[in-house]
Amino acid sequence: MKTAIIGLGIIGIVHKTVLNKLGENLVAVCDVNEKKLAGLKEKTYTDYIELLEKEKPDVVHVCTPHYLHAEMITEALSRDINVLCEKPLCIKAEDIPRIIRAEKNSKGILGVCHQNRYNAANAYVKEYLKDKEIVSAHGSVVWNRDAAYYAQDAWRGKKATEGGGVLINQALHTLDLMQWFCGMPDSVTASVDNLSLKGVIEVEDTASLLCKGKTNFTFFATNAGGADMPVEVTIKLKNGDVVAVYPDRLTINGKAVCTEVIDNADRKCCYGNGHEKLVADFYECVRTGVKFPIDGEEAAKVIKIILAAYESGVKPVKIR
């Protein structure tokens with residue numbers, strides 16, 4: 001199969017590295033910044049529509065800034081091209097049904113990179129919880145993102161282009177794990193604020209959520225930490241077990257059950273090892289015609305939680 005990448009920023013390079021490791025046939029790369037395309041052996045484009053029309057790839061990876069995802073997904077699917085999109089699926093509520101319609105009307109399939117589901121500890125927990133009842137759960141993301149981080153790219157820190165702050169960018173993966181483990185909540189009560197970067201960014205650097213449904217859970221995320229701390233998800237079960245999940249390990253009642261060495265030589269440690277596993281699974285689904293587990297509808301769940309949190313203003317908001 002022929003594959004292409006749109007967007008060659010930090011995450012686009014991760015996808016390119018993974019595709020090369022997997023031996024997939026990367027034929028073209030697109031980016032509006034021609035400097036990023038210099039020296040590449042693949043065909044290069046600055047217009048993604050031109051790439052889609054001329055190359056007619058079997059698979060396209062969308063690795064662009066958040067605000068471009070919905071448009072690029074629907075354009076590729078309208079041409080029956082399989083799409084693997086980086087998170088988030090989209091940043092506006094009205095784009096969710098548009099994407100899902102395009103997916104249903106296309107011969108191509110859509111996958112979204114919620115790669116943390118493929119990390120060993122998280123996969124273990126999902127299986128472990130199958131026959132158990134959760135009493136409560138809490139997730140925590142405490143990282144540091146300063147003014148210099150946001151100055152790297154013009155789209156960062158702006159509501160219209162990033163869609164939000166810590167929730168939709170840094171914490172999305174962990175919040176997705178919370179609903180994956182606990183089930184989709186019915187409502188969200190949230191407080192979001194900018195504690196450390198007023199005048200620098202338009203979006204939140206800190207958020208607290210209370211998610212209510214069949215299984216209630218709480219969630220805290222901030223970019224105002226003094227340094228990046230390990231992400232943690234803690235789950236209390238009805239049988240008394242306490243499950244603590246970290247990026248590289250899992251403990252049950254304090255005992256290590258599952259550990260994984262994170263190979264971060266060519267990527268951020270916080271990405272985990274999931275990208276390679278997810279991409280391999282997506283290509284297997286394309287080749288065999290099997291439904292990819294993280295499609296538009298599945299990836300939209302965490303977006304609905306995040307958009308409800310932004311709407312909340314410390315009042316309960318029903319998830320639509």
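What follows is a short dialogue on reading some features of this predicted model.

Reader: Let's start with the cysteines. How many disulfides does the structure hold?

Author: First the general idea: a disulfide is a covalent bond between the sulfur atoms of two cysteines. Here the structure holds 0 of them.

Reader: Why is there no bond at Cys-63?

Author: Look at the distance. The closest cysteine sulfur to that of Cys-63 belongs to Cys-113 and sits 6.9 Å away, which is too far for a bond. The cut-off for calling a disulfide is 2.5 Å. Cys-211 tells a similar story: the closest cysteine sulfur is in Cys-182, at 9.1 Å, again too far.

Reader: And are Cys-63 and Cys-211 buried or exposed?

Author: Cys-63 is buried, at 6% relative accessible area. Cys-211 is buried too, with a relative accessibility of 0%.

Reader: On to the sheet. What is the order of its strands?

Author: You read an open sheet from one edge across to the other. This one has 6 strands in the order β3-β2-β1-β4-β5-β6, and the pairing is parallel. At the edges are β3 (43-45) and β6, each of which pairs on one side only. From one strand to the next, the twist averages 20 degrees.

Reader: Which residues can I use to find my way between paired strands?

Author: Try bridge partners. β1 pairs with β2 (residues 25-30) in the parallel sense, over 5 bridges, and there Ile-6 stands opposite Cys-30 of β2. Over at β6, 4 bridges join this strand to β5, and the two run parallel. Val-83 has Leu-110 of β6 as its bridge partner.

Reader: Which residues of β6 lie on each of its faces?

Author: In a regular strand the side chains alternate between the two faces of the sheet. In β6, Leu-110 and Val-112 are on one side, while Gly-111 and Cys-113 are on the other. All four are buried, so both faces of this strand are covered.

Reader: Which helix lies across β1, β4, β5 and β6?

Author: That's α9 (residues 274-288), which runs at about 165 degrees to β5.

Reader: Now a helix question. Where are the buried residues of α4 around the axis?

Author: An α-helix has 3.6 residues a turn, so residues three or four places apart point the same way. In α4 the buried residues are Asp-95, Ile-96, Ile-99, Ile-100, Ala-102 and Glu-103. They sit on the same side of α4, because they cover an arc of only 160 degrees around the axis. Their packing partners are α3, β6 and α10 (296-312).

Reader: How many residues of α3 are buried?

Author: Out of 10 residues in α3 (69-78), 7 are buried, which leaves this helix mostly covered. The list is His-69, Ala-70, Met-72, Ile-73, Thr-74, Ala-76 and Leu-77.

Reader: What do the buried residues of α3 pack against?

Author: They pack against three strands you've met, β1 (2-6), β5 (82-86) and β6 (110-113), and also against β4 (59-62), α2 (48-55) and α4 (95-104). After α3 comes Asp-80, with a positive phi near 60 degrees.

Reader: Last one: is Lys-54 of α2 buried or exposed?

Author: Lys-54, which lies in helix α2, is exposed, with a relative accessible area of 57%. The side chain of Lys-54 also makes a polar contact of 2.8 Å with that of Glu-50.

Conventions: Residues are numbered from 1 along each chain as its sequence is written. This is a predicted model: local features need pLDDT of at least 70, side-chain atom pairs count only at pLDDT 80 or more; totals for chains, interfaces and linings use all residues. Side-chain values use heavy atoms; hydrogens and water are left out. Buried means under 20% relative accessible area, exposed over 50%, partly exposed in between (1.4 Å probe, protein chains only). Contact means heavy atoms within 4.5 Å. The arc is that of the directions from the helix axis to the C-beta atoms. A polar contact is a pair of N or O atoms within 3.5 Å; within protein, one must be able to donate a hydrogen and the other to accept it, and residues adjacent in sequence count only if both atoms are side-chain atoms. Two strands pair if DSSP finds at least two bridges between them. Axes are lines fitted to C-alpha atoms, for helices over the stretch in contact, and angles run from 0 to 180 degrees between N-to-C directions.
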